[in-house]
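Welcome, and thanks for taking a look at this one with us. Please have the sequence and the 3D view open side by side as you read.

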Amino acid sequence: MILIALGFVAGAWLLQQQAALPSLYWMPFILVPICFVAFLHYRKATPYIQHPFMMLTAMLIGFCYANFFAAERLKDALPKTWEQKSVEVIGVVATMPEVDARGERFHFHVEQVLTHDAKVPSNVALRYYQQHAWHQTSLVDDASMTLREGHFKVGERWQLTVRLKRPHANANPDGHDFEAWAFANNVRAAGTVRRKSGMQKLSDFVWRPKYMVEYCRAQVGQRISQVLSGQPYAGVVRGLVVGDDSQITRKDWDVYLATGTNHLMSISGLHITMLAGLAFSVVGFCWRRYPRLVMLLPTRQAATIGGALVALLYACLAGLSIPTQRTLYMLMTFAVMLLLSRRIPMSRVLAVALMVVVLLDPWAVIAPGFWLSFSAVAVITYASVNRLRIQHWLVTAIQTQWAVTLGLLPLLIVMFGQASIVSPVANAVAIPVISLLVVPLAILGALTPFDFILDTSQQVLEWCMVILNWLASAPFATWQQATPATWTFALAVIGVLCLLLPRGIPQRWLGFLLMLPMMVIEQPKLAQGEMKVTVLDVGQGLSTVVQTANHVMVYDTGQRYSQTSDAASQVVLPFLQRHGIQQIDALVLSHDDNDHNGGAATLLAVMPIQWLSSSYAMPDIQQKTFRCTAGQQWQWDGVYFQVLHPSPDSHQQEGIKDNNRSCVIKIISQHGTLLLTGDIEEEVEHTLLKTQRYQLISDVMVAPHHGSKTSSTDSFVQAVGAKHVIFTVGYLNRFKHPHPKVVSRYLTTGAEIYQSDKHGAITLHFSVEKPLTVTKARLANKKYWHDEYL
């Protein structure tokens, strides 16, 4: 059974790695290996012959199973011809709306499409913006951090005019794949509600089980927000009870990440499991006190049913999100095994649960939480085998925490590029406090009219946060490193198994030695004179990371999306961390525009920065600061940097547009040159042609002003003569960048065109072996759910 389950899961995982779905017509051929395995079983072949063929057959079945469901889901898509077009639909608000400073977000189940010939997926994600900008009118009261009532409520049927896009996200090396998340959650389009086209509520509530559950969640969430109005961790309590973590502040998330407790701060598998275990103990304790009940149903079976029901209710309260469903499926599998009253090895039960989860959700295998959850259970099981006597509960708790921390370390480093060093201590405090005190009290207070219970849960959480904040402030709180090589990860896994053996000093030393390569061996460094440039995909904005052998420059930081989110926190910082970059030598902010400097505050607050250069004054900056001025130059590791614009006297001149103050920098290596132009427009281009025509000549250029028609004049394009031109633009952006005439000018010169919306991040490697290697992130990590662009 174990081999069959592992083979099935491996097959489903293999399917999710494909760049394109195989044809379904070859699926009947899977009967051949199935018949062969049956023949081997009939002839009573030895296990050494049967088992490999059984696992291979299970892998083929898992592959075909996932392939079938993926093909069906791909059919429910928004046609490209209907993107960004107004479509009138009737449907139901399917999820509890998430209210933020800019408006509301919710899932909408489309029941009917009124626009002639339009095709819309059945499940879409909609955004409703307030009439005014988020910094003027907000649904969040900043003084008290209280949620105001939104416009939409779950279960309401509306007739809306919407504009939709196919799921599309920034594509960066080792970055988060939002399109994978959307596909796994069956969100097949996203867009906005057109306020001016009219909105009409058709029904106050549609009586269906899913909407009834969501309505209850909304009522519970609203009660928590009202009772805990103004409290510092009201958002965390709301997340723990109803799974809505949108109100948790960025500062708090940073603390949870640094202490390795982020899995505790919204409804997680651990909380569901702990509550189910608590219910199991309480029901068992009460049940065995009544002999008649025991005669009717054995205590263990009654306790199992009680625990399963509590897990189901709590999962419903969480909105039955995909991670919650995975935990629920796993617990139900364990419950069925207990109800069968059969002594089944834990490894086999875990294998069955693994297979059940993938059967019900073939996309579970692409979620980090899936592997972390099952790995944690497997590690605990492995570490607890062969114990000859029952140990003290405190010793068992310490050993379990040690096993989980050590066992998940390789996975955490590979998946996230970091691990919390203080995690064992933080989790030892936070797990019992939050799972056994805060969560039960919060649920009890939310479901009863006694406000003091909710206040108590918030107060306990506040006390716990004092310890977590102290641990997070430690200079050694987090270990960060570049993504390790595959062979070092394999050695580390073997090392973990050696370390978790119950006895034996020699194998533990061997385990430490096997883990060392993953922790200490770094990725190959650039040679003297080489450089690596990554033009990140930050949507409609710009951020470029330039690496030499021993130095790093970041040119612009992308835009600020909202009060709590920006490109630096979502794209730039994760990229730097995954590549082992712990210090920025120079941060250049080309000019004062949100899509170029919107993430600067985040980067300045988190990363050590040696010096900063910009074309505008930046008060209250602790870092060493320079005004970006033509004539400045420096050299790093055989790579030369020259500032070509703005001129020294322009800083004192008024009336110059911010775009025309952009820092223009030329980077020269032994193997190629790069020109960074910011948002300069035609006027500056003519000036540069007069004063520095020959310095403009470059192999690669990031196009001025995202390909706007106000830039990239014919004479400038011809003078630069770049063979590779990069446009940093957002998908279907409202500015229509890049302008077709501008693209045509570059194509006329024979340049190869790259667009961040189509190709993702562009990595340029100027090296000795090959003068220039260009990598497109979207093509390098292509999956079948990603769109293809011409």
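Here is a short briefing on the overall fold, followed by a closer look at one group of strands.

This is a predicted model. The protein has 26 helices and 26 strands. Its radius of gyration is 29 Å, close to the 28 Å that the globule rule gives for 790 residues, so the protein is as compact as a globular protein of that length.

**Overall dimensions and packing**

- Taken along the principal axes, the C-alpha atoms of the protein fill a box of roughly 100 × 65 × 60 Å.
- Of the 790 residues in the protein, 52% are buried.
- If you take the contacts between residues at least 6 apart in sequence, 69% of them join residues at least 24 apart.

**Surface and charge**

- The protein has an accessible surface of about 37,600 Å², and carbon and sulfur atoms account for 61% of that area.
- There are 63 positive and 52 negative charges, and the mean positions of the two sets are 11 Å apart.

**How strands β12 to β15 pair**

- Strand β12 (residues 531-535) runs antiparallel to β13, and 4 bridges join them.
- Within that pairing, V535 has T544 of β13 as its bridge partner.
- Strand β13 (residues 544-547) pairs in turn with β14, in the antiparallel sense and over 4 bridges.
- A hairpin through 4 residues makes the connection from β13 to β14.
- Between these two strands, T544 stands opposite Y555 in β14, and V546 stands opposite M553 in β14.
- The sense changes at the next pairing: β14 and strand β15 (residues 584-589) are parallel, with 3 bridges between them.
- Here V554 stands opposite L587 in β15.

**Which way the side chains point**

- As background, side chains in a regular strand alternate between the two faces of the sheet.
- Are the side chains of β13 buried or exposed on its two faces? Both faces are covered, with T544 and V546 buried on one side and V545 and Q547 buried on the other.
- In β14 (residues 552-555), V552 and V554 point one way, while M553 and Y555 point the other way. These four residues of β14 are all buried.
- Putting the pieces together for T544, this residue is buried in β13, is the bridge partner of V535 and stands opposite Y555 in β14.
- V546 is likewise buried, and its opposite number in β14, M553, is buried too.

Notes:
Residues numbered from 1 in each chain as written. Predicted model: local features only at pLDDT ≥ 70, side-chain atom pairs only at ≥ 80, totals over all residues. Heavy atoms only, no water. Rg over C-alpha atoms; globule rule 2.2 N^0.38 Å. Buried < 20%, exposed > 50% of the residue type's maximum accessible area, 1.4 Å probe, protein only. Contact = heavy atoms within 4.5 Å. Areas by Shrake-Rupley, 256 points an atom, 1.4 Å probe, with all protein chains shown as cover. Lys, Arg positive; Asp, Glu negative; His and termini not counted. Charge placed at Lys NZ, Arg CZ, Asp CG, Glu CD. Pairing = 2+ DSSP bridges.
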